[in-house]
Amino acid sequence: MSINWLVNKFEYSLFRHRLAVLVLFALATLFLLWRATDIKLDAAFSKNIPLKHEYMQTYLKHEQDFGGANNILIAMCDASGDIFNANFFDNFRRAHDDVVYTPGVERVLVKSLFSPSTRFIEVVEDGFAGGPVIPADFTADAEGLARVKENAEKAGIVGRMVADDYSCAMITASLLEIDPETNLPLNTIAFAGKLENDIRAKYQSEQISVHIIGFAKMVGDVAEGAKGVVAFFGIAIVITTIMVFLFSRSVMLTVLPIACSLIAVVWQMGLLTVLGFGIDPMSILVPFLVFAIGVSHGVQMINSTGKRVAAGMNAKAAAQASFRKLLVPGGVALLSDTVGFLTLLIIEIGVIRELAITASLGVAVIILTNLVLLPVLMSFVRFSKSYQQRVSEPSPATEKIWHALSALATRRYAAVILVCTAALFAYGYWQSQQLKIGDLHAGAPALHEDSRYNQDTFLITDRFAISVDYINVMVESIPSACTSHDIMDRIDQFQWLMENVPGVQSAVSLSSVSKVINAAYNEGNTKWRVLPRNTQSLVQASSRVETSTGLLNADCSVMPVMIFLEDHKAETIERVVRAAKLHGAELGDADTRFMLATGPAGVMAATNEAVSAAQQPMMWYVYLAVIVLCLLSFRSVKATAAVIIPLYVVSVLATALMTKLQIGLTVSTLPVIALGVGIGVDYGIYILSTMSQQLRDGMPLRQAYFEALKERGSAVLFTGITLAIGVSTWVFSALKFQVDMGILLTFMFIVNMLGAIVVLPALAAFFWRKNN
């Protein structure tokens, strides 16, 4: 039973029951359109974490005691540069209370000047005195404010809860995974909206500015910017429609491929809802890629059908012939796309896995909408005499262009092309080796530098000695380890070593706080800011530190070292992690282990390592899938190599471009390479599928390539240029990661097209020498 026999049987049944097929597609489309209206943006912190990574195992192990890494920081600043005034403290107190009672916030972990756990201790004549930084009888008059300022300095929270220059005060909070009001996973985007409406909008004024950072707020800002993606999607549809009309010169042949591609998007969205998925803001661009791939295959179908009608066939016969001709190469190309996207499932990060499902599902339905539905619809089209005459009389200029390009399939020109390609590959490979894993810029890489979120990040980093970019090294030891001078001293040494690592802003641990308390016990003399060697004195120094500070657990067997970073650039995190591993190994033993890592930067470190580990396997799996499908389709190693080699060269050049543009390999950019391979393989498969049969029939290579260009060249050039124009508009997006995606995809669309038109025939001239 051959593939051709199966295709013929399928074609016979499909076109014999055309009306039934259309009714079935219409009903399915209406149902999935109804379900697609329920699609929601879905962003959860846990989806961005490689949960099986060793760092995240440490994170999950201690999450209950020390909270998660999904935190928010809210800095309120006074325009006068001094927060110690009645108006500021009144607003700050109310903002603190609003944060505490915001659903989704871990109330006991909210910290600010007004937290009961924010306390100070001092030595007085009669012994010790202490209490909340803001006492219960606080009044916001000159005396009360001066007292709070003095208490804040005694508590050692300047730089953490109060800005170094006293211009701002900080509220920090940890978020729950489950919303207590709904018992469902916390809706991060809705929570970000609450921060914007209930905190910033409520307390922002000419006198007070509000600055909010953290994962939830960043995702909310990305989701807000993602609304603009809809506008770019509309622009792309308009541009593509105009280009398809210029290509086909027929309203009907413009409407049909565009409509079928939009149906594919509707099916994709509807099926995601049926399967219980939402769409992550980082995957918001995938529907456009599905539309683009659909248009690419749709143009091939209308081009093939139109040429057959011009040759004398009626619409139904032409549609059937095109269906037979394109089902296998088009199906192989789309299956290659689908399997390639599915290889992203090997990366154990939820957001990438969802992107893999979203993309593969969308591409899979194109097989039905653009390779099955479209030819059936075209079988009902009435082609005008003027259209048939226009297509049957190809432009002499076009014929000359194709004839000139066919010279690329001769050995004389092929040698030059292959040498140039090898040189480009060598340069690209050298550049790609310098590709960095992780974010290369401060702030949120998904947003522009001048975005409100990133400006808030820069302000907080500048005015405070802490930021949301911190990493906790969990010191796991024996119970009551804080009473052991040896263990506490090693923690202190580790903290000192880490504080001297470039990129570390500050660090804090139970050891450093205990040293301050010990000095307080000795009349505040800084000479006594050391760890007592006497067990009783050490107990006295550490017992004053509560578990709510996050510096120890209940039995003092786990004591984090909190390391605040200047930024979360890839090189900063890599340097700090490398130093933490080195010093932890030197200072640790069987009873005391320095375990990485929790905190937002710890999550980033784990994510960067997961991305780095998955990069090469993902590429090998993508190419293995494409190679297997090409071998099954062409039954030729030479033909498969002719398709794969240009594709691989473009992938290497794309990573080189990322290096030149300072785009790091992150969760949001890693899938682009796989997406580019999936989209780029289509061009080569369509051209080579036409050439292969003619080569088997004994046609000379140059003539076979000339015939392939006449049949497929216009459609390949058209789709490459049209799709590149569509994504190039993304450079105007409010989202930085969409701008980066637009640049990379524009490059891939154009260069993959050139690879199929220029490099593929040169390789063919090398592989099929006897046909030259």
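Author: Two strands pair if DSSP finds at least two bridges between them. Keep that in mind as we look at this predicted model.

Reader: Happy to! What is the order of the strands in the open sheet?

Author: The order is 4-1-7, and the three strands pair in the antiparallel sense. Strand 4 and strand 7 (208-214) are the edge strands, each pairing on one side only. On average, neighbouring strands here are turned by 15° against each other, direction ignored.

Reader: How many bridges join strand 1 and strand 7?

Author: Strand 1 (residues 71-78) and strand 7 share seven bridges. For one example to find, M76 has V210 in strand 7 as its bridge partner.

Reader: Which helix packs on the sheet and touches strand 1, strand 4 and strand 7?

Author: That is helix 4 (residues 86-100), whose direction makes about 5° with that of strand 4. Helix 7 lies across strand 1 and strand 7, at about 95° to strand 7.

Reader: Now a single residue: is S174 buried or exposed?

Author: Buried means under 20% relative accessible area. S174 has 11%, so S174 is buried. You will find S174 in strand 4 (residues 168-174). Its side chain makes a polar contact with the side chain of N71, at 2.9 Å. Residues touching S174 include G104, V105 and L109.

Reader: And at what angle do helix 7 and helix 9 pack?

Author: Helix 7 (residues 215-248) and helix 9 (residues 286-310) pack at about 10°, with axes 12 Å apart. Angles under 35 degrees count as roughly parallel, so helix 7 is roughly parallel to helix 9. Their contact has eleven nonpolar, three polar and no charged residues.

Definitions and conventions:
Residues are numbered from 1 along each chain as its sequence is written. This is a predicted model: local features need pLDDT of at least 70, side-chain atom pairs count only at pLDDT 80 or more; totals for chains, interfaces and linings use all residues. Side-chain values use heavy atoms; hydrogens and water are left out. Helices (H or I, at least four residues) and strands (E, at least two) are DSSP runs, numbered from the N terminus. Buried means under 20% relative accessible area, exposed over 50%, partly exposed in between (1.4 Å probe, protein chains only). A polar contact is a pair of N or O atoms within 3.5 Å; within protein, one must be able to donate a hydrogen and the other to accept it, and residues adjacent in sequence count only if both atoms are side-chain atoms. Contact means heavy atoms within 4.5 Å. Axes are lines fitted to C-alpha atoms, for helices over the stretch in contact, and angles run from 0 to 180 degrees between N-to-C directions. Angles under 35 degrees count as roughly parallel, over 145 as roughly antiparallel, 65 to 115 as roughly perpendicular and the rest as oblique. Ala, Val, Leu, Ile, Met, Phe, Trp, Tyr, Cys and Pro count as nonpolar, Asp, Glu, Lys and Arg as charged, and the others, Gly among them, as polar. Lists of a residue's contacts leave out its neighbours within four places in sequence.
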